[in-house]
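User: Please take a close look at the second largest pocket. What lines it, and what surrounds it in the rest of the model?

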Amino acid sequence: MTNRDYLLTHSSIILVIAFASLFVSISSCSSSEIPPPNNLSVSEGFSDPIGFYDADPTFSWLLPVAKGVENQSAYEIEVYAGADQKKLLWGSGKVLEATSNAVPYGLADDATTLGKSRRQVNWRVRYWDQDDRSSDWSPTATVEYGLLNNDDWAGKWIGLPPPTDTTEFGLPRFRPVYLRKSFSLDELPEQARLYLTAKGLFTAYLNGKRIGKDVMTPGWTPYKKRIETLTYDVTDLLQTGENILGVTLTEGWYAGRIGYSSSQWTNREPPRLLLQLEAGDTRVVSNESWRASDQGPLRYASIYDGASYQPQAEFADWKQPGFATSDWSKVAVDPIEALPLLRPKRHAPTAIMDTLLTQSVSEIGPSRALFDLGQNMVGVPHLQVPLKRGDTLQVRMAEMLNQDGSLHLKSYRSARSLDYFVAERDGSINWHPSFTFHGFRYIELSGYPAGEKPKTNWVKGLVQHSNFSTTGTFTSDHSKLDQLQSNIEWGLRGNFLDIPTDCPQRDERMGWTGDAQVFAPTSLFLRDVHAFWAAWLQSMREEQLPDGGIPIVIPNIAGKRFSAGWGDAATIIPWELYQRTGDQDVLEENYPMMRDWVDFYRQQANDQLLVNFQSFNDWLQPYPTDGNLRGDTPQEFICTAFFARSIDLCGRSARVLGKDQEAKALEALLDSVKTALQTTYFAPDGSITEERGTQTAYLLALGFDLLPAELAERAVTHLLAQIEAADYHLRTGFLGTPLLAPVLDRYGHTDLAYRLLFTESYPSWFYSIDQGATTMWERWNSYSHENGFETAGMNSFNHYAYGAIGQWMYERVAGIAHLEPGYRKIEFAPIPGGPLKQAAATHESPYGHIASSWTLTDDTFKHTITVPPNTTGQIVVPPAYRTWNIQLFQSSPAGTETVLALDEDRATGITVTAGTYRLVATNAK
Ligand code: RAM
């Protein structure tokens with residue numbers, strides 16, 4: 001910098017300061033009445049991220065819950081470079097907009113991209129309320145970028161050369177690799193960052209301390225195309241003099257056996273690490289100077305098969321200075337190439353999120369005990385077991401027990417899920433397997449010293465999933481419904497491990513698209529999975545085939561296979577994500593993929609019908625006529641219905657994005673597909689002309705709005721007839737089930753929806769609960785007391801698909817539904833039914849806390865709701881109580897209540913602004 005530049009920069013800084021202080025004084029005198037915004041976040045909900053990915057972020061904040069603050073009439077955002085408010089990069093000015101969610105950077109002027117590798121910025125926001133009173137500035141929030149480009153990396157991929165021995169599956173035996181590097185620092189830097197990733201999985205240590213608490217990093221993306229990188233603040237771990245970086249590197253999803261068929265195990269390349277430490281002027285990168293060994297204590301670690309640990313092979317103090325690496329090898333190095341892209345991880349890594357205690361333990365043989373956690377879970381067991389030197393502790397797991405009390409291992413298929421620990425001294429071990437995960441409730445330990453009495457505190461369950469927060473709750477006064485809610489939650493926790501998986505335990509655990517699309521709405525209510533889904537959609541875009549086909553699993557290890565109802569994840573998930581988060585970027589990013597998937601259908605359509613399109617159909621429908629896993633609904637019908645569904649969502653997205661021409665064309669296409677479906681399959685009386693007019697066929701037509709109103713009404717009678725013919729039971733699989741309650745409810749048959757929900761005989765949700773389920777099962781009868789286990793070839797006890805009923809429970813049983821994207825407008829329309837006397841739900845929405853709870857007695861219905869600031873609530877009194885006396889109260893934070901005037905005809909839909917309300921309906925008779 002020349003002197004002149006220096007002076008210029010400084011004088012402008014002084015000017016900015018002068019302006020800024022002027023602002024502060026102006027705003028502080030006018031703003032003290034209303035509190036500042038809070039919960040500042042960028043893009044998909046990141047608060048103060050380091051290693052951030054999004055060069056064009058959006059900004060979100062919450063208005064405070066405060067007396068008098070109802071809505072935002074304007075906002076102002078300021079973004080500064082660095083850590084203080086000296087260099088303004090972008091100021092939005094006062095923008096007369098109500099939105100406080102996902103505001104794009106540079107909206108007000110054409111500011112250039114914010115993101116640059118390593119850049120640190122801070123930002124703040126203030127708002128004006130409905131009366132144009134301005135708040136103070138919020139506390140500042142920070143953003144620090146990661147390394148955004150491959151060019152930012154100066155090192156090389158390092159590891160060991162491919163091994164010569166093979167596993168029992170004929171794959172290269174990639175032993176865990178220990179990598180070590182010594183470097184020295186004269187003085188401590190002000191700040192240090194560690195950037196790293198792996199083709200495989202890593203855990204890193206600096207001077208003996210574990211870096212971060214993440215597990216299974218960097219996660220699973222289409223590795224040939226993109227690998228996510230992690231950033232850690234390691235400032236406090238450095239020391240002057242010698243420092244040691246140590247990393248354990250294992251095969252993970254990249255190099256391990258992943259897939260249910262050997263044709264899917266295509267990778268033969270060994271794991272690799274890429275690392276860059278930036279500490280002041282010192283930079284340490286992974287390169288030839290590192291040393292490696294695969295003779296360490298972790299003898300193997302495989303996602304499906306488990307881990308084996310032998311402490312006698314531990315290298316004393318290898319993570320500390322002073323350790324001699326003379327018998328360690330030089331590393332093999334590979335250059336960084338244009339692909340895979342190296343990009344900062346765009347959603348939270350997996351971590352240990354919960355710990356379960358053993359509920360009961362029993363001795364089942366000599367030195368053999370069975371521990372029951374009481375809950376089917378996903379993660380690893382933690383073991384504190386007294387062993388004698390030389391003992392090999394074998395740790396076996398299962399989700400279920402066989403009739404004779406032994407572990408039911410068959411449903412794991414070829415996944416061995418088996419861990420070993422070989423004691424090198426007498427005493428209690430304190431260990432848990434790593435770089436693997438299991439799905440289990442029961443743990444069988446064997447090989448501990450004879451005479452030791454097993455205790456419950458020997459085993460705990462460490463629950464692992466992606467690190468997101470809870471955003472939704474549901475409770476009722478019915479224990480089985482609450483158990484169903486718990487099972488839905490555990491299905492989510494078990495299958496959101498970096499990617500959405502079908503199941504977490506057998507030799508599969510893949511990103512099945514069909515399962516994901518049916519469960520996405522429910523998941524978005526319960527957890528903050530905005531970033532999780534957006535990240536997986538990026539992988540989906542990367543895996544879309546050139547002809548527009550969406551593979552059945554993402555990342556794709558299944559080749560060129562696709563299916564209706566599965567590939568539609570490409571249209572359904574972006575749409576649902578947009579609806580629930582209000583994040584329009586999701587549509588923007590995914591629109592080309594959505595359109596190409598529609599085109600893919602279109603190319604194969606024959607007179608708008610999909611005659612030969614591949615499909616898993618209504619997967620696992622109960623009582624299929626010929627034992628077919630794909631159920632009875634005609635394939636062409638299913639494929640054409642989903643074709644229409646994808647066109648519809650693509651067209652609606654085009655409208656939101658202002659692509660009106662495209663929207664028009666899609667709407668015309670939709671009309672023609674609907675007509676083709678109607679004329680081919682429906683008789684004028686609304687019945688399906690095909691021999692197999694299944695529940696699912698009617699549900700798809702009605703749920704996807706494929707019929708004109710009158711024909712739809714008639715079709716409903718046939719749906720009801722089908723349900724009656726099944727003795728009031730569901731006959732639906734993966735695709736039909738999510739539509740069952742919503743469609744019946746929408747057409748006025750809420751009682752029947754409740755009846756099906758509360759049915760206990762097979763097939764039903766409660767059936768599995770009566771058989772002891774603590775998670776959602778893959779099949780309605782994965783196990784029964786009467787008949788034992790379903791076919792072990794495909795029988796998981798942790799499969800979230802049927803948990804899709806959650807959406808209806810939250811929206812209609814408890815009564816929280818979005819009427820506008822992001823819950824900007826909320827509908828509170830619970831429908832009490834079945835045996836329920838009360839239900840309640842909460843949701844942390846993009847605008848804040850929403851709550852709805854009701855209780856019912858013979859003559860009183862009470863409904864309490866909370867509407868967050870900057871939104872509108874629409875309270876709908878359940879039809880049965882509309883003729884009752886209705887009173888509405890608004891509660892103040894101080895606990896007092898005001899009666900609100902309510903004219904009679906407003907009773908069906910009462911519009912309210914931010915606040916807490918209580919509606920009481922009493923039966924006058
Ligand atoms: C099974 C998976 C998944 C389903 C596919 C069709 O293997 O577990 O649930 O989507 O089949």
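Analyst:
**The second largest pocket**

The lining of this pocket divides into 15 nonpolar, five polar and 10 charged residues. Keep in mind that this is a predicted model. The volume of the second largest pocket is about 990 Å³. It is lined by 30 residues, and those closest to its centre are E576, R645, P742, Q807 and E811. Seven elements give two or more residues to this lining: α4 (513-526), α6, α8 (635-656), α10 (695-703), α12 (737-746), α15 (806-814) and β39 (817-818). The largest share comes from α12, with six residues.

The central residues can be placed on these elements. R645 falls within α8. P742 falls within α12, the helix that gives the largest share. Q807 and E811 both fall within α15. E576 falls within the span 569-581 of α6.

Next, the largest pocket. Its volume is about 1,300 Å³. Its lining counts 50 residues, with E44, G45, F46, S47 and D528 nearest the centre. Contributors of two or more residues are β1 (38-42), β2 (50-52), β3 (58-62), β15 (226-233), α5 (530-543), α6 (569-581) and β41 (838-845). By class, that lining has 19 nonpolar, 21 polar and 10 charged residues. One element links the two pockets: α6 gives two or more residues to the lining of the largest pocket and also to that of the second largest.

Now the ligand. The residues around it are D502, R506, E508, W512, D515, W566, F616, W619, F734, E778 and H799. Five members of this shell are nonpolar, one is polar and five are charged. D515 lies in the range of α4, an element that also lines the second largest pocket. Three polar contacts can be named. A polar side-chain atom of E508 sits 2.5 Å from a ligand oxygen. For R506, a side-chain N or O atom is 2.8 Å from an oxygen of the ligand. W566 places a polar side-chain atom 2.9 Å from a ligand oxygen. The ligand has 290 Å² of accessible area on its own, and the protein covers 96% of it.

Step back to the whole chain. The protein chain holds 15 helices and 48 strands. Its radius of gyration is 29 Å, close to the 29 Å that the globule rule gives for 925 residues, so the chain is as compact as a globular protein of that length. The C-alpha trace spans about 85 × 80 × 60 Å along its principal axes.

Last, some backbone details. Most peptide bonds are trans, and most residues other than glycine have a negative phi. The bond from T217 to P218 is cis, with omega near 10 degrees. P218 sits in the loop between β14 (214-215) and β15, and β15 is one of the elements lining the largest pocket. I554 and P555 are also joined by a cis peptide bond, with omega about -10 degrees. P555 belongs to the loop between α5 and α6, and both of those helices help line the largest pocket. F435 is not a glycine, yet its phi is positive, about 60 degrees. F435 is found in the loop between β31 (427-428) and β32 (438-446).

Methods:
Residues are numbered from 1 along each chain as its sequence is written. This is a predicted model: local features need pLDDT of at least 70, side-chain atom pairs count only at pLDDT 80 or more; totals for chains, interfaces and linings use all residues. Side-chain values use heavy atoms; hydrogens and water are left out. A residue is near a molecule or strand if one of its heavy atoms lies within 4 Å of it. A polar contact is a pair of N or O atoms within 3.5 Å; within protein, one must be able to donate a hydrogen and the other to accept it, and residues adjacent in sequence count only if both atoms are side-chain atoms. Accessible areas come from the Shrake-Rupley method with a 1.4 Å probe; for residues, only the protein chains shown count as cover. Ala, Val, Leu, Ile, Met, Phe, Trp, Tyr, Cys and Pro count as nonpolar, Asp, Glu, Lys and Arg as charged, and the others, Gly among them, as polar. On a 1 Å grid over the protein atoms alone, a cavity is a set of points where a 1.4 Å probe fits but cannot get out, and a pocket is an open set with protein on both sides within 12 Å along at least five of seven lines; lining residues have an atom within 4 Å of a point. Grid points are joined across faces, edges and corners, and a volume is the space filled by probe spheres set on the points. Helices (H or I, at least four residues) and strands (E, at least two) are DSSP runs, numbered from the N terminus. The radius of gyration is taken over C-alpha atoms; the globule rule is 2.2 Å times the number of residues to the power 0.38.
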